[in-house]
Amino acid sequence: MSQPHPSAGTTVVTADRVSLGYHKEKEPLPVLVDVSLSAKKDELVAVTGPSGCGKSTLLRIIAGLVRPSSGKVMILDTEVTGPRADVSMVFQNFVLLPWRTALENVLFGLSSRSEFTEEQKMEKAKGALDVAGLSGFEDVYPGELSGGMKQRVGVARALATEPRVMLLDEPFSSLDDLTAERLRKETYTLLINPQSPVQSVILVSHNVEEIIELADRVVVLSGRPAHVVGEVDVTMPRPRNKKSEEFFHWVDKVYTLLS
Ligand SMILES: Nc1ncnc2c1ncn2[C@@H]1O[C@H](COP(=O)(O)OP(=O)(O)OP(=O)(O)O)[C@@H](O)[C@H]1O
Ligand SMILES: [Mg+2]
């Protein structure tokens, strides 16, 4: 393990009144206004809201890829001012480098990490492909992988960096049900497994059932510009039976906030 684990209950990610406007012609177009959320150690926080409301933008701000116009993001007790080695993101519409094999695509995510030897990078990349269920596909080129397998290479690339925080933007949306379900379980296992470096996950999703299956808390964004219209603490015990009445009660709660 590359980093010390904070104790239970520690807040790992905080977005504090984050606002952002994209510049459109002369006027800034406000996208997010005063959005706050937090994820504690071992928590999976889901962010949902209508298409185009600013969910991917919020993840990019948390990842340090975009600076907010006001407000701030903290990882443990340091402010995010740019991309960090301990935060990794799986992008919506993830694109692999077609001329590199699955293994080389995962290694690419480690290329700037001079603290690791080439041997260590190789070990981490192979380990991450294994976790993503892609052992045996190391030398295959993206053109020969299915859509779901490509997406799993994207997850492996994020995992190989052994992040403290994983930011997932609709990572399961283009997968078949069985593969999606497996990756959801694997993702949650990574979060709660004390051997894994992952301490918090922020998941952007449109799929309310997926959210209730996984999340400890749901943050619902809506409006133009988007703001937090509601937050639900999903206190349903795990494992969560997706066919139970209780499950549908929680799904309903989130739908009510969305509509
Ligand atoms: N780089 C950019 N420059 C200007 N405007 C942008 C940029 N990226 C996104 N936007 C605008 O910001 C708004 C929010 O976009 P964003 O991609 O964050 O939404 P989203 O909630 O992730 O949508 P979806 O659910 O469809 O993925 C949209 O109106 C979009 O057109
Ligand atoms: Mg998006």
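The protein chain of this predicted model is divided into two domains, of which domain 1 takes in residues 7-86 together with 163-259, while domain 2 covers 92-162. Measured out between their C-alpha centres, domain 1 and domain 2 lie 24 Å apart. Where the two domains touch, domain 1 contributes 15 residues to the contact and domain 2 contributes 12 residues.

On the side of domain 1 that touches domain 2, strand E7 (165-169) and helix H5 (177-192) each supply at least two residues, and H5 gives the most, with 4 residues. Sorted by character, the residues on this side of domain 1 comprise 7 nonpolar, 3 polar and 5 charged.

Two hairpins can then be followed along the chain. In one of them, strand E1 (residues 11-24) pairs with strand E2 (residues 27-40) in the antiparallel sense, and 10 bridges hold the pairing. Within this pair, Gly-21 has Pro-30 of E2 as its bridge partner. The hairpin of E1 and E2 has 2 residues between the strands, and Glu-25 takes a positive phi near 45° there.

The other hairpin is made by strand E9 (residues 217-222) and strand E10 (residues 227-233), which run antiparallel and are joined by 6 bridges. Here Val-220 stands opposite Gly-230 in E10. Between E9 and E10 there are 4 residues, and in this turn Gly-223 has a positive phi of about 90°. When looking along such elements, it helps to recall that in a regular strand the side chains alternate between the two faces of the sheet.

Technical notes:
Residues are numbered from 1 along each chain as its sequence is written. Chains are lettered from A and ligands numbered from 1 in the order in which they are written. This is a predicted model: local features need pLDDT of at least 70, side-chain atom pairs count only at pLDDT 80 or more; totals for chains, interfaces and linings use all residues. Domain bounds come from an automatic or database domain assignment. Two residues are in contact if their C-beta atoms, placed from the backbone, lie within 7 Å. Ala, Val, Leu, Ile, Met, Phe, Trp, Tyr, Cys and Pro count as nonpolar, Asp, Glu, Lys and Arg as charged, and the others, Gly among them, as polar. Two strands pair if DSSP finds at least two bridges between them.
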